[in-house]
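Let's take a look at this model together, starting with its pocket and then stepping back to the chain as a whole.

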Amino acid sequence: SSPSRSLTRASYALHEDLAEQFGAERIGYRPVTTLSVAAEQSSAPRSNKPVPGQKKLPAWVDGYVIAAASLGTPKTTAQVHPGHLTH
């Protein structure tokens with residue numbers, strides 16, 4: 001467990017509450033799958049290594065993947081549009 005885990009959970013809950021209060025579309029809220037991907041430029045063919053919990057990396061990952069891990073699911077991570085949230 002990382003030192004920021006409780007802050008991360010509180011932030012997710014707060015943004016979820018704001019989406020309910022103001023409307024998800026209005027603030028640009030969307031649950032997402034979050035990945036950590038390390039890649040390097042290479043002449044080798046594109047690598048599409050599986051990520052634990054997923055079948056393969058998304059098609060937009062372009063490069064030779066040297067490491068990949070799942071950081072969160074739509075039940076644990078989300079995005080908001082900063083401009084829509086603050087205006």
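Ten names are worth finding on screen for the largest pocket in this predicted model. Its lining takes in Thr 8, Ser 11, Tyr 12 and His 15, then Tyr 29, and further along Thr 76, Thr 77, Ala 78, Gln 79 and Val 80. The volume of this pocket comes out at about 160 Å³.

Which element gives the most to the lining? That's α1, with four residues. Both α1 (5–22) and β4 (78–79) put in at least two residues each. As for chemistry, the lining has no charged residues: six are polar and four are nonpolar. Tyr counts as nonpolar in this split, so Tyr 12 and Tyr 29 go with Ala 78 and Val 80.

Now for the rest of the chain. Going from the N terminus, the order of elements is α-α-β-β-β-β-α, which adds up to three helices and four strands.

Here are the overall percentages, side by side:

| Property of the protein chain | Value |
|---|---|
| Buried residues, out of 87 residues | 16% |
| Contacts joining residues at least 24 apart, among those between residues at least 6 apart in sequence | 60% |
| Accessible surface belonging to carbon and sulfur atoms | 56% |

Buried here means under 20% relative accessible area, and 16% of the 87 residues make that cut. The accessible surface as a whole comes to about 6400 Å².

Terms used: Residues are numbered from 1 along each chain as its sequence is written. This is a predicted model: local features need pLDDT of at least 70, side-chain atom pairs count only at pLDDT 80 or more; totals for chains, interfaces and linings use all residues. Side-chain values use heavy atoms; hydrogens and water are left out. On a 1 Å grid over the protein atoms alone, a cavity is a set of points where a 1.4 Å probe fits but cannot get out, and a pocket is an open set with protein on both sides within 12 Å along at least five of seven lines; lining residues have an atom within 4 Å of a point. Grid points are joined across faces, edges and corners, and a volume is the space filled by probe spheres set on the points. Buried means under 20% relative accessible area, exposed over 50%, partly exposed in between (1.4 Å probe, protein chains only). Contact means heavy atoms within 4.5 Å. Accessible areas come from the Shrake-Rupley method with a 1.4 Å probe; for residues, only the protein chains shown count as cover.
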